[in-house]
Amino acid sequence: LSCPNASGTFTFSGATWNSPTTLTTNSGTVQFDRVGAKATMLGNDSTQFNAVTVAADTILNTSAASNYALTWAGACSVSGTITPNTSVVTGNGAVTVNAGGTLGGNTAYRLSLSSTLAGAGTLSSPTAAGSSSWSGATWAIGTYTNNGVTLVVDGGAAQALTGTGHTFAFIRITNSSDKVTITGGTISGTSGAAWNEQQVQL
């Protein structure tokens with residue numbers, strides 16, 4: 001399958017996405033658009049995407065039975081829902097979760113985001129049995145549900161977490177500056193907390 005170039009979009013509205021053995025992204029976008037709050041299930045590991053869009057009323061589900069991996073290299077825009085089950089979800093480009101959209105769920109999935117996080121939607125982190133890491137420069141998501149997970153902040157420099165009403169369970173700082181700034185949020189973890197208050201500016 002050869003996708004359009006950077007200015008084009010390949011739209012998929014089927015029930016199951018089986019990533020082709022050869023997927024040429026051409027810097028284009030694959031859009032999942034299955035109207036009516038219906039799900040598109042991954043049928044295999046899908047780690048070759050460039051940009052990904054999940055349209056409103058569309059659920060991109062990694063399959064509870066198989067927990068297929070989901071990876072994108074470019075931007076990801078979520079207006080519907082990405083349901084990760086207990087899969088590995090890796091975002092190497094900027095992520096925007098739009099109003100009404102949700103990325104994640106209260107399950108032990110493994111989330112790794114490497115760029116900016118923005119939008120008026122919801123990030124629902126893994127449970128404590130999963131894992132969550134973020135190495136982007138700015139975090140400005142509308143709603144954040146921590147689900148008890150430790151957020152590992154591991155960027156190349158000082159990082160900024162912004163979000164009114166955000167409560168982080170625990171934060172572990174491993175970035176090169178040993179520093180993170182939190183604006184409008186709090187850290188609820190006390191006993192055994194994986195952070196040093198000298199490294200965190202609230």
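A nonpolar core is a set of buried Ala, Val, Leu, Ile, Met, Phe, Trp, Tyr and Cys residues joined through side-chain atoms within 4.5 Å. Buried means under 20% relative accessible area, exposed means over 50%, and partly exposed is in between (1.4 Å probe, protein chains only). Keep both terms handy for the tour.

Before you click on anything, know that this is a predicted model, where local features need pLDDT of at least 70 and side-chain atom pairs count only at pLDDT 80 or more, while totals for chains, interfaces and linings use all residues. Residues are numbered from 1 along each chain as its sequence is written, and side-chain values use heavy atoms, with hydrogens and water left out.

**The whole protein**

Start zoomed out, in cartoon view. You'll see 22 strands and zero helices; both are DSSP runs, numbered from the N terminus, with at least two residues (E) for a strand and at least four (H or I) for a helix. Along the principal axes, the C-alpha atoms fill a box of roughly 50 × 30 × 30 Å. The radius of gyration is 17 Å, which agrees with the value near 17 Å for a compact globule of 202 residues. That radius is taken over C-alpha atoms, and the globule rule is 2.2 Å times the number of residues to the power 0.38.

Switch to a surface view. The accessible surface comes to about 8300 Å², and 48% of that belongs to carbon and sulfur atoms (Shrake-Rupley method, 1.4 Å probe; for residues, only the protein chains shown count as cover). Of the 202 residues, 44% count as buried.

**Into the core**

Which residues touch the most other members of the largest nonpolar core? Select Phe49, Trp72, Leu123, Trp139, Leu161 and Phe168: they are the ones, in a core of 39 residues.

Stay on tryptophan 72 and show its surroundings. Leaving aside neighbours within four places in sequence, tryptophan 72 is in contact (heavy atoms within 4.5 Å) with ten residues' worth of company to look for, including Phe49, Val52, Val89, Asn92, Val95 and Leu113.

**A run of parallel strands**

Leu113 leads you to the next stop. Select strand β14, residues 110-113, and show its side chains. They alternate: Leu111 and Leu113 point to one face and are buried, while Arg110 and Ser112 point to the other and are not.

Now add the strands that pair with β14; two strands pair if DSSP finds at least two bridges between them. Strand β11 (residues 88-91) pairs with β14 in the parallel sense over four bridges, and valine 88 has arginine 110 as its bridge partner. Strand β16 (residues 131-134) also pairs with β14 in the parallel sense, over four bridges. There, leucine 113 has tryptophan 134 as its bridge partner.

**A second run**

Move to strand β4, residues 38-42, and pick alanine 39. Is alanine 39 buried or partly exposed? With a relative accessible area of 26%, alanine 39 is partly exposed. Not counting residues up to four places away in sequence, alanine 39 touches Ala15, Arg34 and Ile59.

From here, follow the pairing. β4 and β7 pair in the parallel sense over four bridges, with threonine 40 opposite leucine 60. Three bridges then join β7 to β10, also running parallel, and leucine 60 has isoleucine 82 as its bridge partner in β10.

**Two loops worth a click**

Select serine 63, in the loop between β7 (58-61) and β8 (70-72). Serine 63 has a positive phi of about 85 degrees although it is not a glycine, and its relative accessible area of 9% makes it buried.

Next, try asparagine 85, in the loop between β10 (81-83) and β11. Asparagine 85 has a positive phi of about 50 degrees, and it isn't a glycine either. Asparagine 85 is buried, at 12% relative accessible area.

**Last stop: the cysteines**

Finish with cysteine 3 and cysteine 76. How many disulfides does a search of the whole structure find? Zero, where a disulfide is a pair of cysteine sulfur atoms within 2.5 Å. Why is cysteine 3 unpaired? Its closest cysteine sulfur, in cysteine 76, is 15 Å away, too far for a bond. Both residues are tucked away from the surface by the cut-off above: cysteine 3 counts as buried at 5% relative accessibility, and cysteine 76 counts as buried at 2%.
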